[in-house]
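Student: I am new to this structure and would like a close look at a single part of it. Could you walk me through one strand and its surroundings?

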Amino acid sequence: MRPLALLSLFALAGCLPVQRALVDRAVEGRRDAAGLTPHTVEVGGTPVAYLERPGTEPALVLVHGFGAEKDGWLALVTAMDDGRRVLVPDLAGHGDSPAAPGVRYDVRRYAADVAGFLGAVGAGPVDLGGNSMGGLVATLVAIEHPRLVRSLVLMDPAGVPSPTPSGLDSLTAAGTNPLIPTTRAEYDRLMAFVFATPPDIPGPARNVLADRAARRAPFLRDLFATIQTTRGTLLELLPGVETPTLLLWGAQDRVLNVSAAPLWTDALPNARLAVLDGVGHAPMMEAPAETARLVESFLAER
């Protein structure tokens, strides 16, 4: 269906179930354009939803951040050459991957899950990428399972406090967390906060995405609290990570201030940094062509 026709349907669709169906159809079209198809595999008895594009090894595996999901990588995968195998999982409690009952999730549990996922899909060693919390998770996989990781691609990764407090630091200190919206208005503020230039999402589609975010809010509140209380000494561990690493950071990131980037590159023995002007917290969505160029150039050297 042509984009204009789809937008017309959005304008006519007043009820949330119809809007959900239209959003799902639009996402399916974007997955097709990226050459990605949905699959599910069991890891430790829990289903993990993921997208896969077949191709040559080593695979590129992409891990989303806090409150995000696998479809946040579609623009980047679409912009990349189609010869390489790509795997994009949903972390537990995100997207289409359920959280296991009674499990308290933190970044180390997610790192173990990603390692288990790689074994379940027969991938490794891989080029492992991650954004935000996903960047921290990818780094922990490289630390704890170094034989599984050929290189790291970290986009605005969490885990190292920035010398200059971020916008998120200031808001959470005041008792507000913009990353966990529960209303449409809060979701709109999240988009304005995370992106330097927010994506142009039709209103009905925003209704669907805001509703999904609100339904995840209880899990995300618990996860955020757990992450805060289980913060380790990542900076002390980084000098032992000899994995070749590409670090990308949005200059206008309000979630994780770019002043943390030099701490990463100073600590990692084999890292390079590219700062993207005019970009916020998600380079793969805000500047997919430039991000794809940088990632592919880095991977070609491996």
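Tutor: Here is a walk along strand β7 and the elements around it. This is a predicted model, in which local features need pLDDT of at least 70 and side-chain atom pairs count only at pLDDT 80 or more, while totals for chains, interfaces and linings use all residues. Residues are numbered from 1 along each chain as its sequence is written, and side-chain values use heavy atoms, with hydrogens and water left out.

Strand β7 covers residues 245–250; helices (H or I, at least four residues) and strands (E, at least two) are DSSP runs, numbered from the N terminus. Six of the six residues in β7 are buried, where buried means under 20% relative accessible area, exposed over 50% and partly exposed in between, with a 1.4 Å probe and protein chains only. Cover is found on both faces: Thr245, Leu247 and Trp249 lie on one side, with Leu246, Leu248 and Gly250 on the other.

Now to the neighbours. Two strands pair if DSSP finds at least two bridges between them. Strand β6 (residues 149–155) pairs with β7 in the parallel sense over four bridges, and Leu152 has Thr245 of β7 as its bridge partner. Strand β8 (residues 271–276) also pairs with β7 in the parallel sense, over six bridges; here the partner of Trp249 is Val275 in β8.

Finally, β7, helix α10 (residues 261–267) and β8 make a right-handed β-α-β unit. Right-handed means that, with the strands pointing away from the viewer, the path from the first strand over the helix to the second runs clockwise.
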